[in-house]
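The following exercises are to be worked through with the structure in view. Each opens with a task and continues with a solution in steps.

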Amino acid sequence: MSRPRIVIVGAGFAGYRAARTLSRLTRNKADITLLNPTDYFLYLPLLPQVAAGILEPRRVTVSLSGTLPHVRLVLGEADAIDLDGRTVHYTGPEGDGGALTFDRLILAAGSVNKLLPIPGVAEHAHGFRGLPEALYLRDHVTRQVELAAAADDPENCSARCTFVVVGAGYTGTEVAAQGKLFTDSQVRKHPLRAGIRPRWMLLDIAERVLPELDERLSRTADRVLRQRGVEVRMGTSVKEATHDGVLLTDGEFVDTRTLVWCVGVRPDPLAESLGLPLERGRLLVDPHLQVPGRPEVFAAGDGAAVPDLEKPGEYTPMTAQHAWRQGKAVAHNVAASLGIGERRAYRHRDMGFVVDLGGVKAAANPLGVPLSGVAAGAVTRGYHLAAMPGNRVRVAADWLLDAVLPRQAVQLGLVRAWSVPLDTASPEVARVPGRAEKEGEQGGETRPGDETATGRSGTELAGSRSGGEPARNRPGGEPARNQPGGEPAKGQPGGEPAKSRPDRGTARSRSGGERSPADHPDAVEAQDSKRFGAPLSVRRPDAVKGGEASGRGGRAGTPEKSEPPDPVQDPDAAKHAEPPGPVKQPDLQQGGEPRPGSSTGGGAGPGSSAGGEPRPGTPAGGAPRPSAPAGSRLGTDGGGEPPTATPRTPSTGEPPPGTPSTHKPRPDAPTGPEPRSHNPSEGAS
C-alpha cells in the first residue's frame, strides 16, 4: 500500500510549523511535500532590523531543507488547485510548470500587501512584507541621505530626507522607530545643510498608534516615537502619491522621495480561486482547521478564517502568533485524519505582545504586565530569540556588534525599485529579468522586442532585452528602454537611471571567430551565463515563410537550423530577402578592412531607427547613405564610419571611368540587390 501524500502550500509561520510537526508525527509513514517560492522560512518580526542595518539578511531566514527532515521541498508558486482531481498546479522559479497530487492538502499561503484605491500609491509606494523589500528600503534610505548631503538645493535636500510611513500597526511603527535611528546615525557621518534633519512621518487614519493593542502599549509607543523626533499624525492618511511627494488628506503636500506602505495585509489571492466559502478573503474553516465539505483540505495562517473559541462569533486575527500555533494544530489534525493521534480544536489565549522600538526601547505586556524602556527591550529580544526556529546565536551576535560598533551604511544595489512592486502576489520574491515563457507556446516563440510575458497573478515575466533588465511596470515612470548608443533608461524611481551596458552598444567580432556574450542572440541568457564558446543554433519557425530566412544563406522555403538575427547587430535582419542560390562570403582585406562596397555593423544596425523601426537606406547614426551594393554584408570591425559604396553604372555593373578602386570584386560574387544579414558567430579574418 502506497503512503499517503501530504502537500503543504506555503512555508510561512503556519506552513513551516505544520511541516516540522508532521515530519515528527508521521515518522516516514507519509510523503510530505512543501511548496514554497523560496528555500527559507522568514522570521518577519525582525525584518525592520534588516532594513535598519542591525541584522544581516540571512539572520532572519531559516533553511527549509536544513531544518525539515523527511520533507520534500519544491520551489514554486501555486497557480491553481484542482480539488476534485486533488492536484496542485504550480510554476517554478525558472518558469517551468508542474503538478503535485495529494491525499491531504494544507493551505498556508499567507498574506500580501493590502492595497487601497488611492491614486499613485501602486506606482510610487513600496511594501514591507518580504526580504527583498527590506533590502530595497535599506539601500534606498542610504542613497537618499547620501544624495541629500551632496545636494546644493535646500528643497531637494529636505525632500530626500523626508520619509513617510503609512500605517501605525506593528510593522509601520517599528519601521518608523528603527528608521529614525538609522538616518540619525548616517547624518552624523554625512552632515546635511544647516537646519535640515531627517524627517520621519507616521500616518494612520486610526485614533492612536497600535490600535489593535492595549492602550498602555499604544501610549508607550507613541511617547517613544515623539521623543525620538518622529511626526505621529493620527487621523491622517495619503490622498494621492506622486513622484515628487504625497498629498495628505488634510490638504498638505509633503515633498518626499520615500513612501513606505504598511497599512496592513490581505489574504493571498489563491484562496479566491478555489470557489469555497470565504470570510473577507479568508478561507472559512471549522475549529479543527478543516474546510467544511472537503475533508481532505485544511487551512491555517493568515489565509484561514479560524473561529476564535475565546471570543465566540469572531475570528482569530492575522498575526504571527496565531499562525505559528495554528500550524502545530493543523499538523496534529492532518495526522489524526490518517489514523495517527487524535483531533484537537484550535484554542489560544494571548500571552501578551511585544513591539521593538529600536535601541533599548520597546513596549511589551508579557502575561498582561505592561513594560517599557530597558525592561521591555530585554523581554522583547528574549522573546524573539526563543521564538526563532534557528540562527539564535547569529542574531544575538549581531545585536552585540550593533551595540559596540557603528552601523555600516552602504548601498549594495542588489534590489532595484522595479523588482519589488507594491501590487504583487509574491512579496517574498524579487522580480528578476530574463524569465520568459517557454518558446513555442501561444503559437510562437519570444523574440527580441516582444512584449513581456505575464506569469501568475501580480507577477510579470520580463521579456528578452539586450539591456538585461525588464522595461515594463517600473514604478514611477515610463517603461525604460535601452537606447542605441547607451542612453540611460528614463523613469527609474529613486534617481537611478538604468544605463545600458557599455559593451552592448557595438558588438565587435574577435579574432579567431570568438564571440562575446553580448553577441549572443538571447541577450538575457548572455547576461546570466558566461559559457558561450560556440554559436547557438536554433530552429526558427519563420525560416520557411514567404521565401524568407533569418539566418545563414539557404534557399527560400527550405527549413534549416540557423542563427536568429542579433538584436544588437541588425534588428530587422529577419526581414531581409534571401539572395537566390548559395552565396559565398566576400573576402576581406588583410587587417580586417572590408571590401569596397560593403557596410559595417554598428550598435543598431543599418536600416533601423532608435526606436527599432526600419528605415531603408538610413544607418544607425541617422544620416542617409546610398544603399549597399550587390553582395554587401554587415562588416565585423564595428567601429568608425561605414565605407562609402563604390558607385556602379546600372547597365554593366562596373564603376564609371575615373572612379578609384582598390581591387576588383571576385568573379563569383553575387550581383543580386538583396543584402545578407550578418552572422554574429563569425569573426574577422
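**Exercise 1. A salt bridge at the start of the chain**

Determine which residue forms a salt bridge with aspartate 103, and where the two partners lie.

Solution. Step 1: in this predicted model, aspartate 103 pairs with arginine 5, and their closest N and O atoms are 3.4 Å apart. Step 2: aspartate 103 sits in the loop between β8 (97-101) and β9 (104-107), whereas arginine 5 belongs to strand β1 (residues 5-9), so the pair ties together parts that are 98 residues apart in sequence. Step 3: a residue is called buried under 20% relative accessible area. Aspartate 103 has 18% and is therefore buried. Arginine 5, with a relative accessible area of 35%, is partly exposed.

**Exercise 2. A salt bridge across the sequence**

Find the salt-bridge partner of arginine 59 and state how far apart in sequence the joined parts are.

Solution. Step 1: the partner is aspartate 398, with 3.1 Å between the closest N and O atoms. Step 2: arginine 59 is placed in the loop between α2 (47-51) and β4 (61-63), and aspartate 398 in helix α11, so this salt bridge ties together parts that are 339 residues apart in sequence. Step 3: arginine 59 is partly exposed, because its relative accessible area is 22%. Aspartate 398 counts as buried, because its relative accessibility is 9%.

**Exercise 3. From a pair to a network**

Identify the residues that are linked with Arg233 in a network of salt bridges.

Solution. Step 1: begin with one pair, arginine 233 and glutamate 231, whose closest N and O atoms are 3.4 Å apart. Step 2: extend the pair to the network, which links Arg199, Glu231, Arg233, Asp250 and Glu252. Step 3: consider the exposure of one member; glutamate 231 counts as partly exposed at 26% relative accessibility. Step 4: for the structure as a whole, the count comes to 22 salt bridges.

**Exercise 4. Charged patches on the surface**

Name the residues of the negative surface patch and of the patch of positive charge, then place a member of each.

Solution. Step 1: Asp152, Asp153, Glu155, Asp244 and Asp255 form the negative patch. Step 2: one of these, aspartate 152, is located in the loop between α5 (131-150) and α6 (154-160). Aspartate 152 counts as exposed, because its relative accessibility is 67%. Step 3: the positive patch gathers Arg20, Arg24, Arg27, Lys29, Lys328, Arg344 and Arg392. Step 4: arginine 24 lies in helix α1 (residues 13-26), and arginine 392 in helix α11 (residues 392-404). Step 5: arginine 24 is partly exposed at 46% relative accessibility, and arginine 392 is partly exposed at 39%. Step 6: arginine 24 and histidine 70 are 46 residues apart in sequence, and their C-alpha atoms are 8.9 Å apart in space.

**Exercise 5. Positive phi angles**

Are leucine 210 and arginine 280 buried or exposed?

Solution. Step 1: leucine 210 is not a glycine, yet has a positive phi of about 50 degrees. Arginine 280, also not a glycine, has a positive phi of about 55 degrees. Step 2: leucine 210 is in the loop between β12 (199-204) and α8 (215-228), while arginine 280 is in the loop between β19 (278-279) and β20 (282-284). Step 3: leucine 210 counts as buried at 0% relative accessibility, whereas arginine 280 counts as exposed at 76%.

**Exercise 6. The surroundings of a helix residue**

Which residues are in contact with asparagine 333, leaving aside its neighbours within four places in sequence?

Solution. Step 1: asparagine 333 belongs to helix α9 (residues 320-337). Step 2: with those neighbours left aside, the contacts are His288, Phe298, Arg343 and Arg344. Step 3: asparagine 333 counts as buried, because its relative accessibility is 3%.

**Exercise 7. The chain as a whole**

Describe the protein chain by its secondary structure, burial, surface and contacts.

Solution. Step 1: the chain contains 12 helices and 27 strands. Step 2: 48% of its 685 residues count as buried. Step 3: about 32100 Å² is exposed, of which carbon and sulfur atoms supply 51%. Step 4: among contacts with a separation of 6 or more, 66% are between residues 24 or more positions apart.

Notes:
Residues are numbered from 1 along each chain as its sequence is written. This is a predicted model: local features need pLDDT of at least 70, side-chain atom pairs count only at pLDDT 80 or more; totals for chains, interfaces and linings use all residues. Side-chain values use heavy atoms; hydrogens and water are left out. Patches are made of residues with over 30% relative accessible area and no salt bridge: like charges are joined within 9 Å, nonpolar side chains (Val, Leu, Ile, Met, Phe, Trp, Tyr) within 5 Å. Accessible areas come from the Shrake-Rupley method with a 1.4 Å probe; for residues, only the protein chains shown count as cover. A salt bridge is a side-chain nitrogen of Lys or Arg within 4 Å of a carboxyl oxygen of Asp or Glu. Lys and Arg count as positive and Asp and Glu as negative; His and the chain ends are not counted. The place of a charge is taken as NZ of Lys, CZ of Arg, CG of Asp or CD of Glu. Helices (H or I, at least four residues) and strands (E, at least two) are DSSP runs, numbered from the N terminus. Buried means under 20% relative accessible area, exposed over 50%, partly exposed in between (1.4 Å probe, protein chains only). Contact means heavy atoms within 4.5 Å.
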